Amino acid sequence: RTCGDWHKAACHGNKQVSVDDLLACAEHLIGRGFTSKDRMAASAASAGGAVLAAAANQRPDMWRTLVMQAPLVDVVGVMRR
C-alpha cells in the first residue's frame, strides 16, 4: 500500500485503525527491546490526541506517561457546533 492508501484507511469512521497502528508500533518497540512498558511515553496534539486517548483507554498498561496538547477528545460535540 502507498502512504496515501494507509492514511485513507484510517480516516473518518475508521479511527480505530489509527489506534491499532499506534498500539502495534508501541508493542513492536517493546518487543524489540527498544523500550519497556514502564518507560513507554507518547505525545500528541489536536486530533492525534483523540487517537492517543483511545489507545490509553484501550491499553492503559502500555504507557508510563502520555502528553496530550489540546486533544480533540469530544469529536461528537465539536461536530455538532
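**Charged partners in a predicted model**

Q: Which label fits aspartate 61: buried, exposed or partly exposed?
A: Aspartate 61 has a relative accessible area of 39%. This is a predicted model, where local features need pLDDT of at least 70 and side-chain atom pairs count only at pLDDT 80 or more, while totals for chains, interfaces and linings use all residues. Residues are numbered from 1 along each chain as its sequence is written, and side-chain values use heavy atoms, leaving out hydrogens and water. Buried is under 20% relative accessible area and exposed is over 50%, with partly exposed in between (1.4 Å probe, protein chains only), so aspartate 61 is partly exposed.

Q: How many salt bridges does a search of the whole structure find?
A: A salt bridge needs a side-chain nitrogen of Lys or Arg within 4 Å of a carboxyl oxygen of Asp or Glu. Searching the whole structure with that rule gives a total of three.

Q: How many residues apart in sequence are arginine 59 and glutamate 27?
A: These two form a salt bridge, with their closest N and O atoms 2.6 Å apart. Arginine 59 sits in the loop between α3 (47-58) and β2 (65-69), and glutamate 27 is in helix α2 (residues 15-31). Helices (H or I, at least four residues) and strands (E, at least two) are DSSP runs, numbered from the N terminus. So this pair ties together parts whose separation in sequence is 32 residues.

Q: Which residues are joined into one network?
A: Arginine 59 also forms a salt bridge with aspartate 61, at 3.0 Å between the closest N and O atoms. Salt bridges sharing partners make one network of Glu27, Lys37, Arg59 and Asp61.
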